[in-house]
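Open the model in a viewer and keep the selection panel at hand. The stops below say what to select and what is there.

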Amino acid sequence: MQPQILVLKEGTDQSQGKPQLVSNINACQLVVDAVRTTLGPRGMDKLIVDHGGKAVISNDGATIMKLLDIVHPAAKTLVDIAKSQDAEVGDGTTSVVILAGEILKRLKPFVEEGVHPRIIVRAVRTASKLAVDKVKEMAVKVESKSPEEQRDLLQKCAVTAMSSKLIHQQKDHFSKMVVDAVLSLDAPLLPLDMIGIKKITGGALEDSFLVDGVAFKKAFSYAGFEMQPKSYDYCKIALLNIELELKAERDNAEVRVNNVLEYQKVVDAEWQILYEKLAALHASGANVVLSKLPIGDVATQYFADRDMFCAGRVPDEDIKRTQRACGGAVLSSTRDLNPDALGHCAQFTERQIGGERYNIFTGCPAAKTCTLILRGGAEQFLEETERSLHDAIMIVRRTIKNDAVVAGGGAIDMELSKHLRDYSKGIAGKEQLLIGAVARAFEAIPRQLCDNAGFDATNLLNKLRQKHHQGEIWYGVDIQKEDIEDNFVSCVWEPAIIKINAITAACEAASQILSIDETIKNVKSSGDMPAQGRGMGRPRMG
């Protein structure tokens, strides 16, 4: 008898070979099924409840994938590509997951029949390169001759991005807001963090508006606040990281004094320090004082008496955005306050929006910024609106940077499918079948669009195949008419970069999953847990 050789720790789970590969593909199918029905204008939403009981209603592929607690190691690859698509282009997260899942599904029979995974991976890589080259070749450069034409193009892309979201009823209202927001930023960087989004429950979605500057919620304020002016023209802004209030002594603080006069000196010194800070701020000529830390009642009254406005406990991101927009610096001391350290803006007002008071700075000279104020019923509804607008903002940014567009609604996918099918017929060997399988996988997007809208997918796909065979390259699914339509003429446009990124990411994920032939799961260590101690006063058992 040969002694058994143990290389891995006892209890380690080791699975390999063809069954392992098929099992990984099946796991990915389950993940795809979770987001499959959210694709397109008639897609359904998902309600996800986390460990803490917080409910999230979302249609955004990346959000759903993040919230699903996926533990299967191979299926996590799909979560990663959804995240990368979201970070890189912002939209098309559901499409990329469906495409990767469909490629795996179509190639699964070849794995089961014993085709070597390396041959399949090579075919997927070839198909990916061909598809990306075809998108680049077909993409239409939209020559923006005037700002009006460019705005029109951006609005069409924003409308396409929003048509599958919860706010598709108000897509015209929001597409104008999104385009105005992105065009108000500094080109060519278009920094995303200069667009603030504030959510205020109450009111209708149509009450949402765009502030051409910085806006944030009025912080907690003391008595005397109401006496302060609520608007200024051409104001100077002091941004602080200082606490302007008298501190209560710590519990263990000890001050030893011999007589009352000495105690009075200690108290006076504290007041003197505070008054010096306040006098320095008044002398600097600042009209508005904002601080990250609290501003007490004495300081609030002091500023009110001198017609100055103050707000304490302002969130860090709002202070930073105000600094970048209005100039100046965030000060940690009031000594040597020179005018250069103050920010400037053309107008400051405080406004009532719904149940909240908002401080609004407009006409900021240093950097261009804007704030979207969203109104709506429930909090979850507002969160989903914010996610939808994020996708649209990313699309508009991408379209400004890469002004090449393709037709959406499954049109580009059908054309890529036809292109790959035609190519596969011209090559011999196993690759012919494999590239043909990837070609069929591209039809998953238009098929899913039809399924989600309740149309006859087989019938519409047959019509689309016929049109694309006749050279009508931009024909796709028309959800409104329950038929097929030239989506380029219908202005269902999306940036070509979305498709290129989606194809590349989906093919990379499929290749990666296909090249795994063994999974080794280390046994969870149980001996590392600390021994449970007895509680105080608890008797020893047994």
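Begin by selecting K198, and keep in mind that this is a predicted model. K198 stands opposite I373, a residue of strand 14. Extend the selection to residues 370-376 for the whole of strand 14, which pairs with strand 5 in the parallel sense over 7 bridges.

Next, show the sheet around this pair. Its 3 strands follow the order 5-14-6, with mixed pairing, and the sheet is open. At the edges are strand 5 (195-201) and strand 6 (209-211), each of which pairs on one side only. From one strand to the next, the twist averages 25 degrees. Now add residues 379-401, which make up helix 11. This helix packs on the sheet and touches strand 5 and strand 14, and its direction makes about 160 degrees with that of strand 5.

Move on to strand 15, residues 404-407. Which way do its side chains point? A404 and V406 point one way, V405 and A407 the other way, and all are buried. Strand 15 has pairing partners to inspect. One is strand 4 (residues 140-141), paired with strand 15 in the antiparallel sense over 2 bridges; here V140 has V405 as its bridge partner. Another is strand 18, which runs antiparallel to strand 15 and is joined to it by 3 bridges. Pick V406 and its bridge partner E494 to see this second pairing.

Now go to the core. Select L78, L107, I120, I503 and L514: these have the most contacts inside the largest nonpolar core, which has 79 residues. Colour residues 496-514 as well, since this is helix 16, and helix 16 gives the most to this core, with 12 residues. Which residues does L514 touch? Leaving out residues up to four places away in sequence, they are L21, I25, L104, L107, V111, P117, I120, V121 and V124. Another core lies apart from the largest one; it has 24 residues, including I167, F174, L185 and L372. In soluble globular proteins, nonpolar side chains tend to be buried together.

For the largest pocket, select P41, T160, S163, S164 and V492, the closest to its centre among the 42 residues that line it. The space in this pocket is about 800 Å³. Elements that give two or more residues to the lining are helix 4 (93-112), helix 6 (147-162), helix 14 (444-453), strand 16 (475-478), strand 18 (493-495) and helix 16. Which helix gives the most to the lining? That is helix 6, with 4 residues.

The last stops concern backbone angles. Most residues other than glycine have a negative phi. Select Y234, in strand 8 (residues 231-240). Y234 is not a glycine, yet its phi is positive, at about 50 degrees. Is Y234 buried or exposed? Its relative accessible area is 71%, over the 50% cut-off, so Y234 is exposed.

Then select D307, in the loop between helix 9 (297-305) and strand 10 (309-311). D307 also has a positive phi, near 55 degrees, and is a residue other than glycine. Its relative accessibility is 49%, which lies between the 20% and 50% cut-offs, so D307 counts as partly exposed.

Notes
Residues are numbered from 1 along each chain as its sequence is written. This is a predicted model: local features need pLDDT of at least 70, side-chain atom pairs count only at pLDDT 80 or more; totals for chains, interfaces and linings use all residues. Side-chain values use heavy atoms; hydrogens and water are left out. Two strands pair if DSSP finds at least two bridges between them. Axes are lines fitted to C-alpha atoms, for helices over the stretch in contact, and angles run from 0 to 180 degrees between N-to-C directions. Contact means heavy atoms within 4.5 Å. Buried means under 20% relative accessible area, exposed over 50%, partly exposed in between (1.4 Å probe, protein chains only). A nonpolar core is a set of buried Ala, Val, Leu, Ile, Met, Phe, Trp, Tyr and Cys residues joined through side-chain atoms within 4.5 Å. On a 1 Å grid over the protein atoms alone, a cavity is a set of points where a 1.4 Å probe fits but cannot get out, and a pocket is an open set with protein on both sides within 12 Å along at least five of seven lines; lining residues have an atom within 4 Å of a point. Grid points are joined across faces, edges and corners, and a volume is the space filled by probe spheres set on the points.
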